[in-house]
Amino acid sequence: KKRAGTAGACKAVVAVMRTHTGREEVQEKACHAMYELIFGDAANKTRAVHASGIEAVLAALHAHLRSARVQEYAFMALGELTSGTIAGNKTRAGKAGAFEA
């Protein structure tokens, strides 16, 4: 997990999410991958936030409202991205539309 993070996995996941916004399966897998990368890893969480991971996850959430799997993994990732002590993550999520989700 750490090696993947330092190799740019968080940034790559966000790039895939931006490239394939309309593809439900891609968004599902990407949200799940994001969650796995950041769960319990503060450095990867920071990398994901800096790569606009919050915004990418929220975009998936809004774009695939009828997909239970996208919703499940997106909320898991969003919960992890906004938990803890990284200053401003909750505010950033709010500005990106988290409260509308």
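**A77 and the pairing of helices α5 and α6**

Leaving aside neighbours within four places in sequence, A77 touches C31, M34, Y35, I38 and V57. This comes from a predicted model, and A77 makes a handy way into it. The residue sits in helix α6, which covers residues 68–81. A77 counts as buried because its relative accessible area is 0%, under the 20% cut-off. One of its contacts, Y35, lies 42 residues away along the chain, yet the C-alpha atoms of A77 and Y35 are just 4.5 Å apart.

Another of those contacts, V57, leads over to helix α5, made up of residues 53–63. Helices α5 and α6 pack with their axes 9 Å apart and at an angle of about 155°. That angle is over 145 degrees, so α5 runs roughly antiparallel to α6. The crossing of the two helices is left-handed. On the α5 side, the residues that meet α6 are G53, I54, V57, L58, A60 and L61. Helix α6 brings V70, Q71, A74, F75, A77, L78 and L81 to the contact. Sorted by class, the contact between α5 and α6 has 11 nonpolar residues, 2 polar ones and no charged ones.

Zooming out, the chain has 7 helices and 0 strands. Of its 101 residues, 44% are buried. Among contacts between residues at least 6 apart in sequence, 70% link residues at least 24 apart; the A77–Y35 pair, at 42 residues apart, gives a sense of such a separation. As for the outside, the accessible surface of the chain comes to about 5,600 Å², with 55% of that belonging to carbon and sulfur atoms.

Technical notes:
Residues numbered from 1 in each chain as written. Predicted model: local features only at pLDDT ≥ 70, side-chain atom pairs only at ≥ 80, totals over all residues. Heavy atoms only, no water. Helix = DSSP H or I, 4+ residues; strand = E, 2+ residues; numbered from the N terminus. Buried < 20%, exposed > 50% of the residue type's maximum accessible area, 1.4 Å probe, protein only. Contact = heavy atoms within 4.5 Å. Axes fitted to C-alpha atoms, helices over the stretch in contact; angles between N-to-C directions. Parallel < 35°, antiparallel > 145°, perpendicular 65-115°, else oblique. Left-handed = near helix turned anticlockwise from the far one by under 90°. Nonpolar A, V, L, I, M, F, W, Y, C, P; charged D, E, K, R; others polar. Areas by Shrake-Rupley, 256 points an atom, 1.4 Å probe, with all protein chains shown as cover.
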